Amino acid sequence: METTVIPTPTAPKKQADFAVDSSHELAALLAPSPNLRDRWLYLERSLWEMEAFPTAALRAIQLRIAKLLGVPGEYLPSVQVTGKTDLEFVHLADSFLFDVRSITSEKTEEIRNQYGDVGLLHLMMCLAIYDGIYRVVSTQIHDVTRPR
């Protein structure tokens, strides 16, 4: 059996050694927990530095996830999607959110053939981190607005 080693970002073991941009749309949400905030921002930054999958497609996926989860505008990225985006990747976000098992092995093999193992990882990282953080946003927003 062959093993493929894929470079993945590793969470920093100490306080982030990069400037935390307080204007980042999610920094304020995570501010009560600086360790979590810094590690999440580090992971997000790692995602955008990988460049193994088309950035326009990842941004479109990010926006699709936010839309599906009802994320308010102040938490949406300020970066605009530029370039043509293949709708199949946007629809992949739907599959990931509603039934991750609906993403077939044939589909992942097709992505792997086109973008390699690192490209597939890059895509899955995008799906996972924005699914997670936007669910946190949705939970926080709904929790705050729920009558007591």
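How are H3 and H4 oriented to each other: oblique or parallel? This report on a predicted model takes up that pair after a look at the whole chain.

## Overall layout

The chain holds five helices and zero strands. Read from the N terminus, its elements run α-α-α-α-α. There are 148 residues, and 41% of them count as buried.

Contacts across long stretches of sequence are a feature of this chain. Take the contacts between residues at least 6 apart in sequence: 72% of them join residues at least 24 apart.

## H3 against H4

In general, two packed helices are described by the angle between their axes and the distance between the axes. Here, the axes of H3 and H4 come within 9 Å. They cross at roughly 45 degrees. An angle from 35 up to 65 degrees falls in the oblique class, so H3 and H4 are oblique to each other. Their crossing is right-handed.

Which residues of H3 and H4 meet? H3 brings Ala57, Ala60, Ile61, Arg64, Ile65 and Leu68. H4 brings Phe89, Val90, Ala93, Asp94, Leu97 and Phe98. By class, this contact has 10 nonpolar residues, two charged residues and no polar ones.

## Phe98 and Leu58

Phe98 belongs to helix H4. It is one of the residues that meet H3. Is Phe98 buried or exposed? Its relative accessible area is 64%, above the 50% cut-off, so Phe98 counts as exposed. Its C-alpha atom is separated by 9.8 Å from that of Leu68. Those two residues are 30 apart along the chain.

Leu58 lies in helix H3. Its relative accessible area is 0%, so Leu58 is buried. Setting aside residues up to four places away in sequence, Leu58 touches Trp48, Phe53, His122, Leu123 and Cys126. The C-alpha atoms of Leu58 and Val90 are separated by 8.5 Å. Along the chain, Leu58 and Val90 are 32 residues apart.

## The nonpolar core

In soluble globular proteins, nonpolar side chains tend to be buried together. The largest nonpolar core of this model has 35 residues. Within it, Ile65, Tyr130 and Tyr134 touch the most other members. Which elements give two or more residues to this core? They are helix H1 (27–30), helix H2 (34–50), helix H3 (55–68), helix H4 (87–98) and helix H5 (105–145). H5 supplies the largest share, 12 residues.

Tyr134 shows how such a residue is surrounded. Leave aside its neighbours within four places in sequence. Tyr134 is then in contact with Leu26, Gln62, Ile65, Ala66, Leu69, Val71, Tyr75 and Pro77. Ile65 thus appears twice in this account: it touches Tyr134, and it is listed where H3 meets H4.

## A buried serine in H2

Ser46 is found in helix H2. Is Ser46 buried or exposed? Its relative accessibility is 11%, under the 20% cut-off, so Ser46 counts as buried. Ser46 and Met125 are 79 residues apart in sequence. In space, their C-alpha atoms are 9.9 Å apart.

## Two loop residues

Glu51 has its place in the loop between H2 and H3. Its phi is near 55 degrees, a positive value in a residue other than glycine. Most residues other than glycine have a negative phi. At 67% relative accessibility, Glu51 counts as exposed.

Gln80 sits in the loop between H3 and H4. Its relative accessible area is 59%, so Gln80 is exposed. The C-alpha atoms of Gln80 and Leu63 are separated by 9.5 Å. Along the chain, Gln80 and Leu63 are 17 residues apart.

Definitions and conventions:
Residues numbered from 1 in each chain as written. Predicted model: local features only at pLDDT ≥ 70, side-chain atom pairs only at ≥ 80, totals over all residues. Heavy atoms only, no water. Core = buried A, V, L, I, M, F, W, Y, C linked by side-chain atoms within 4.5 Å. Buried < 20%, exposed > 50% of the residue type's maximum accessible area, 1.4 Å probe, protein only. Helix = DSSP H or I, 4+ residues; strand = E, 2+ residues; numbered from the N terminus. Contact = heavy atoms within 4.5 Å. Axes fitted to C-alpha atoms, helices over the stretch in contact; angles between N-to-C directions. Parallel < 35°, antiparallel > 145°, perpendicular 65-115°, else oblique. Left-handed = near helix turned anticlockwise from the far one by under 90°. Nonpolar A, V, L, I, M, F, W, Y, C, P; charged D, E, K, R; others polar.
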